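User: I am new to reading protein models and would like a close look at a single part. Please take me through it slowly, then show me how it sits among the rest.

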Amino acid sequence: MNNFQKRTVLKCLAIALMLTSMPAMSANDYPEKPIRLVVPFPSGQGADILARLIGQQLTTELGQPIVVENKAGAGGMIGTAFAAKSAPDGYTLYMGSSGPLAIGPHVYKTPGFDTLKDFAPISNIASVTQVLVVTPGSPMKSVKDLIALAKAQPGTLLYGSAGNGTTSHLTMELFTQMGGVSLQHVPYKGSSSSMVDVMAGRVPLMFDSLPGVLTNIKSGSLRAIAVSSPQRDPLLPDVPTVAEAGIAGFATSGWIGLLAPARTPPQIVDQLHKAVAKVMKSDLVKSRMAELAFTPIASSPAEFQKFLHQEVMLWGNVTTKAGIQKE
């Protein structure tokens, strides 16, 4: 062995010794830089509001900035596909919801992701009650009134929604299927424009999220006749559930949860879940969520995965029965 070869061998041995003496990387080394939190909707919508609320608290808990990045479009599908394809290193997270994750794959031909395979659930954050609202002067004062009118005028009574394939649309489809009635869908580009037409009487009714309609219900601009949730909502204690009002077994809500791309290291997912669970227990988060009409959940990754499976199956069945054509 010549001198050059000897020096090469010694250098390799030195590097190997240095590497073996270095401490192994662990979850404690994460995070070492800012974390991007993708929201597939515009600023000001429910998922965005919760992302900024939870993200602000996680910044303190994790010691690195949580940077919210809005990637809106196609009912949340664009941002969702982007998040699914991001590097699974813990530095891209995703605040998803029932629309793109559970409903979207059934109404878009090429969603760009598989909800159950392309994400690592961290925690379901909150449920969002859907409220059945009507024009203030409407003769429909209850679910029974609505069903009676719909049966007297099959296929002619209009309802609005935030758009094809949205939670407000599919909640009403579930209502018609379980209630045995036929209504005519009028899709809008967002819930705000649909709500304006319901308040004006141009469209008689719609389902929309409680955070989106609560102010107008309190002001008298809309009348709430039922809520979609299993129990009455504490913010609308006098409004019955759809099940109470006549459609037995009806119970569904929108929801918003935190996920990471699939194959994100389990120790990072676990660390993020523990941080979220701690944040969700804070008085500030609980009080703010109550003000915003969100119901906290804070599930485990395994619970969230099981829930996602149930939701994908539920809305797949609803879209099939409704004959909704994929776009």
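Which side chain does Glu-244 meet in a salt bridge, and what is the distance, N to O?

Analyst: This is a predicted model. In it, the side chain of Glu-244 meets the side chain of Arg-232 in a salt bridge, at 3.0 Å or less by its value of 2.9 Å, N to O.

Methods. Residues numbered from 1 in each chain as written. Predicted model: local features only at pLDDT ≥ 70, side-chain atom pairs only at ≥ 80, totals over all residues. Heavy atoms only, no water. Salt bridge = Lys/Arg side-chain N within 4 Å of Asp/Glu carboxyl O.
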